[in-house]
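Please walk through the structure below with attention to its charged pairs and to its pocket.

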Amino acid sequence: MTLSVRLATSVSRLSVLLPTLAAGTTAWALVGCATPDTFTVREDFGAGFDPKKFLTPIPNKNTSVRDGVMWTRGASGGKYPPMVYLALDGKDLTMSFRYRHLEKGGMLWLFVDGDDGYGSVDHMLRVRLNRDSVVLEVDAHSLDPKHPLRQNTRAPDPVSKAYRTNEHFPAEKVDLSANEWRTVRLAFKGDTVAMSVDGQWTRTLQRPNFDATKRKLLWMQNGGAAGIEIDDVVVTPTP
């Protein structure tokens, strides 16, 4: 058989196989594929830990999994403390996790990012868990460059051209000074979020920008050399 005949035969066989392979790949991709109405994450950082759930590569120089928890410590070397991102895909989601500090001081800053209403993704809600207080901040967006709440130090989003607006809330006193496990819960439903930290602090907040698809959950962690541990991350559709 000549080389040209062999090549023709191989191409013919490949043309027969490709549709079958493509169909199989599509079917495989759709199996178990969550929609925004069914998006779920359950991570206990045990033997079955799946780092692909996270947008941040794990392990890295600050974050690793040890003894069944996610452990973040030290300084990032950049402008902000070490951060870990979890991918989200849903509008009405309930998110919960446990955390504990391993030394005095520091803070855990939780960010929920979502659709900004103009075609891009940005911060939606920030919950800063200090050792003596909880501080909330709502990030919304506007096309008005003169909006009274515009974050003046920030340029418009390069995709949506929208300006970020900041609504700052006063610190709410709560004693989180003990290095013990605490449970944080945020339940989004429409334009409302119900929040709690153990039984010590609860708050319900209603804002129009909450009624949008959530895309990321971010933990910014200033836990010093000893660090902060996070466990039992659960994200489910809000009933």
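In this predicted model, the side chains of E167 and R207 meet in a salt bridge, with an N to O distance of 2.8 Å. This pair links distant parts of the chain, since E167 sits in strand 9 and R207 in the loop between strand 13 (201–206) and strand 14, 40 residues apart. E167 counts as partly exposed at 24% relative accessibility, and R207 counts as partly exposed at 22%.

Strand 13 also takes part in another pairing: E172 forms a salt bridge with R203, whose closest N and O atoms are 2.4 Å apart. Because E172 lies in strand 10 and R203 in strand 13, the pair ties together parts that are 31 residues apart in sequence. R203 is partly exposed, with a relative accessible area of 24%. Salt bridges that share partners also join R66, R100 and E229 into one network.

Strand 10 contributes K173 as well, which forms a salt bridge with D132 at 3.7 Å between the closest N and O atoms. D132 lies in the loop between strand 7 and strand 8 (133–142), so this pair ties together parts that are 41 residues apart in sequence. K173 counts as exposed at 68% relative accessibility, whereas D132, at 41%, counts as partly exposed. The count of salt bridges comes to 18.

Turning to the pocket, the largest one holds about 340 Å³ of space. Of the 18 residues that line this pocket, Y80, F111, H123, R126 and R164 are the closest to its centre. Strands that each supply at least two residues of the lining include strand 9 (163–168) and strand 14 (214–222). By class, the lining has nine nonpolar, four polar and five charged residues.

Terms used: Residues are numbered from 1 along each chain as its sequence is written. This is a predicted model: local features need pLDDT of at least 70, side-chain atom pairs count only at pLDDT 80 or more; totals for chains, interfaces and linings use all residues. Side-chain values use heavy atoms; hydrogens and water are left out. On a 1 Å grid over the protein atoms alone, a cavity is a set of points where a 1.4 Å probe fits but cannot get out, and a pocket is an open set with protein on both sides within 12 Å along at least five of seven lines; lining residues have an atom within 4 Å of a point. Grid points are joined across faces, edges and corners, and a volume is the space filled by probe spheres set on the points. Helices (H or I, at least four residues) and strands (E, at least two) are DSSP runs, numbered from the N terminus. Ala, Val, Leu, Ile, Met, Phe, Trp, Tyr, Cys and Pro count as nonpolar, Asp, Glu, Lys and Arg as charged, and the others, Gly among them, as polar. A salt bridge is a side-chain nitrogen of Lys or Arg within 4 Å of a carboxyl oxygen of Asp or Glu. Buried means under 20% relative accessible area, exposed over 50%, partly exposed in between (1.4 Å probe, protein chains only).
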